[in-house]
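Colleague: I should like to learn how to read accessibility, charge pairing and fold order from a model. Please take me through the features one at a time, giving the general idea and then the case at hand.

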Amino acid sequence: MANEYDITAEEGMAAPISDDEIRADLDRVLAEEGVSRDCLLSISIVGDERIRELNAEWRGRDVATDVISLECERPDDPDLAPGEPCELGDIVLAPDYIARQAARFGTTAADEFRLLLVHGTLHLLGYDHLEDDEAEVMEAREDALLALLPHDGATRPVTLTRHREGVDE
């Protein structure tokens, strides 16, 4: 078995990169993070209204955002039987929001989407950015991982200030 990805898109929504690239990018991130257990991961591509609803439900913030990660299990969970796949969780991305954000940060929608795919995956693996020291670790890891993935332009250091509380639209 290998990692399995359930990629779905809300009607009228599409990711700015192909499903094949999403799978390849996720495989690369999991491998680089040392995840040897097969993982199951859901990727949902949704509109601003749906991600706003999820953000209100799960984070108590009634605004649209770029990405939300909903964790299920961790690959190193001792309760998982040997060889049992890990149901890592769900990553929900809003491509319209991401495209607007990309324009504000001087990047392409595809590169911003890749960043947020990596960002969401790292959250599922236990990374966070609420404290400055956590943010520095997560930013550095994102930079290293993004350098290994396809990109549209020169990769630039990641700045997570847009992912801190209070900066959502």
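Colleague: Is D48 buried, partly exposed or exposed?

Modeller: Buried means under 20% relative accessible area, exposed over 50%, and partly exposed in between (1.4 Å probe, protein chains only). The areas come from the Shrake-Rupley method, with only the protein chains shown counting as cover for residues. D48 has a relative accessible area of 22%, so it is partly exposed. It is found in helix α2, where helices (H or I, at least four residues) and strands (E, at least two) are DSSP runs, numbered from the N terminus. Its C-alpha atom is separated from that of T65 by 7.4 Å, the two residues being 17 apart along the chain.

Colleague: On what basis are such values obtained?

Modeller: This is a predicted model, in which local features need pLDDT of at least 70 and side-chain atom pairs count only at pLDDT 80 or more, while totals for chains, interfaces and linings use all residues. Residues are numbered from 1 along each chain as its sequence is written, and side-chain values use heavy atoms, with hydrogens and water left out.

Colleague: With which residue does R100 form a salt bridge?

Modeller: Side chains of opposite charge can pair when their charged atoms come close. The criterion is a side-chain nitrogen of Lys or Arg within 4 Å of a carboxyl oxygen of Asp or Glu. R100 pairs with D48, and their closest N and O atoms are 2.8 Å apart. R100 lies in helix α3 and D48 in helix α2 (residues 48–59), so this salt bridge ties together parts that are 52 residues apart in sequence. R100, at a relative accessible area of 34%, is partly exposed.

Colleague: How many salt bridges does the structure hold?

Modeller: The structure holds 11 salt bridges. One of them joins the side chains of E33 and R141 at 2.4 Å, N to O. This pair links distant parts of the chain, 108 residues apart: E33 is in the loop between α1 (19–32) and β2 (39–45), and R141 is in helix α5. R141 counts as partly exposed, with 22% relative accessibility.

Colleague: Where do E53 and R50 stand with respect to each other?

Modeller: They are three residues apart in helix α2, which means a separation of about one helical turn. Their side chains meet in a salt bridge of 3.1 Å, N to O. E53 is partly exposed at 33% relative accessibility, and R50 is partly exposed at 32%.

Colleague: Which residues are linked in a network of salt bridges?

Modeller: The network consists of E21, D111, R114 and D152.

Colleague: Which residue does the side chain of Q101 contact?

Modeller: A polar contact is a pair of N or O atoms within 3.5 Å; within protein, one must be able to donate a hydrogen and the other to accept it, and residues adjacent in sequence count only if both atoms are side-chain atoms. The side chain of Q101 makes such a contact of 2.7 Å with the side chain of E112. Q101 belongs to helix α3 (residues 95–105) and is buried, at 1% relative accessibility. In helix α4 one finds H119, whose side chain is joined to that of E142 by a polar contact of 2.6 Å. H119 is likewise buried, since its relative accessible area is 2%.

Colleague: Which residues form a negative surface patch?

Modeller: Patches are made of residues with over 30% relative accessible area and no salt bridge; like charges are joined within 9 Å. Asp and Glu count as negative, and the place of a charge is taken as CG of Asp or CD of Glu. Here E131, D133, E134 and E136 form the negative patch. E131 lies in the loop between α4 (109–124) and α5 (132–146) and is partly exposed, with 49% relative accessible area.

Colleague: In what order do the elements run from the N terminus on?

Modeller: The chain has five helices and four strands, in the order β-α-β-α-β-β-α-α-α. Strand β4 (residues 86–93) contains D90, which is partly exposed at 26% relative accessible area. The C-alpha atoms of D90 and L40 are separated by 9.1 Å, although these residues are 50 apart along the chain. Of the 169 residues of the chain, 42% count as buried.

How values were computed:
Patch = residues over 30% accessible without salt bridge, like charges linked within 9 Å, V, L, I, M, F, W, Y side chains within 5 Å. Areas by Shrake-Rupley, 256 points an atom, 1.4 Å probe, with all protein chains shown as cover.
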